[in-house]
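Reader: I would like a close look at one part of this model. Keep it brisk, and give the cut-offs for your terms.

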Amino acid sequence: VKGKTMASALAEATVMVNDSVIGIVPNTLEFDEGLGEQKILPVSTGGGKVEQVYANDLQSNFSEVKFQMRTTVANVNAVKGWKENANRNVINIAAEDADGKDLTRVFTQATVADNYKVQIQTEGVIDVSFQANAPI
């Protein structure tokens, strides 16, 4: 009798910004699918009863992609360039688990919206956060 195999965790990925592969600090990549927030709203139907109305908050239908980069001159300049590029950045993420299953996401109109900070220290990092369209 064959047993069910255990799923493999995604532990690393290739990240490209504007067609350039970038090095990130391991275990710092995260993103959301940009599916937004949904709410269940009550409406009164009389007699003390309520029904649900499903609401999709379209204002929250954007993605966020976050990772850390080591503080190097090249990385500081790269983040500055992405910030100056406004929402004309494209992020590609490709990952593969131990079983060979692929995960890919492409985020368009990505922008570094926050005021990023540069740590000048031995183990310094830059926290990079992009706002983007939901992935395709």
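Which backbone oxygen does the side chain of Thr28 reach, and at what distance?

Author: The side chain of Thr28 reaches the backbone oxygen of Val25, at 2.7 Å. That is a polar contact: a pair of N or O atoms within 3.5 Å, where, within protein, one must be able to donate a hydrogen and the other to accept it, and residues adjacent in sequence count only if both atoms are side-chain atoms.

First, the basis. This is a predicted model, in which local features need pLDDT of at least 70 and side-chain atom pairs count only at pLDDT 80 or more, while totals for chains, interfaces and linings use all residues. Residues are numbered from 1 along each chain as its sequence is written, and side-chain values use heavy atoms, with hydrogens and water left out.

Now the place of Thr28. Thr28 sits in the loop that joins β2 (20-22) to β3 (30-31). Helices (H or I, at least four residues) and strands (E, at least two) are DSSP runs, numbered from the N terminus. Thr28 counts as buried because its relative accessibility is 16%. Buried means under 20% relative accessible area, exposed over 50%, and partly exposed in between (1.4 Å probe, protein chains only). Leaving out residues up to four places away in sequence, Thr28 touches Lys66, Phe67 and Gln68. A contact here means heavy atoms within 4.5 Å.

Lys66 leads on to Ser129. Ser129 belongs to strand β9, which covers residues 125-132. Ser129 has a relative accessible area of 11%, so Ser129 is buried. Its side chain makes a polar contact with the side chain of Glu64, at 2.9 Å. Beyond four places in sequence, Ser129 touches Glu64, Val65, Lys66, Thr111, Val112, Ala113 and Asp114. Lys66 is thus listed for Thr28 and again for Ser129.

Next, the loop before β9. Gln119 lies there, between β8 and β9. With a relative accessible area of 30%, Gln119 is partly exposed. The side chain of Gln119 reaches the backbone nitrogen of Val125 at 3.1 Å. Setting aside neighbours within four places in sequence, Gln119 is in contact with Thr71, Gly124 and Val125. Lys101 is 18 residues from Gln119 along the chain, and their C-alpha atoms are separated by 36 Å.

After β9 comes Ala134. Ala134 is partly exposed, at 28% relative accessible area. Past four places in sequence, Ala134 is in contact with Glu33, Gly34, Ser63 and Val106. Ala134 and Glu30 are 104 residues apart in sequence, yet 14 Å apart in space, C-alpha to C-alpha.

The other end of the chain can be placed too. Met6 lies in the segment before β1 (13-17). Met6 is exposed, with 73% relative accessible area. Between Met6 and Asp99 there is a sequence separation of 93 residues, and a C-alpha to C-alpha distance of 9.8 Å.

Two backbone angles deserve a check. Asn18 has a phi near 55 degrees, a positive value in a residue other than glycine. Asn18 is in the loop between β1 and β2, and at 31% relative accessibility it counts as partly exposed. Gln109 has a phi near 50 degrees, again positive in a residue other than glycine. Gln109 lies in strand β8 (residues 102-112) and is partly exposed, at 45% relative accessibility.

Last, the chain around these sites. The protein chain has one helix and nine strands. Their order along the sequence is β-β-β-β-β-β-α-β-β-β. Of the contacts with a separation of 6 or more, 64% link residues 24 or more positions apart. The radius of gyration is 20 Å, against near 14 Å for a compact globule of 136 residues. That radius is taken over C-alpha atoms, and the globule rule is 2.2 Å times the number of residues to the power 0.38. The C-alpha trace spans about 70 × 55 × 25 Å along its principal axes. Of the 136 residues, 22% are buried, and Thr28 counts as buried.
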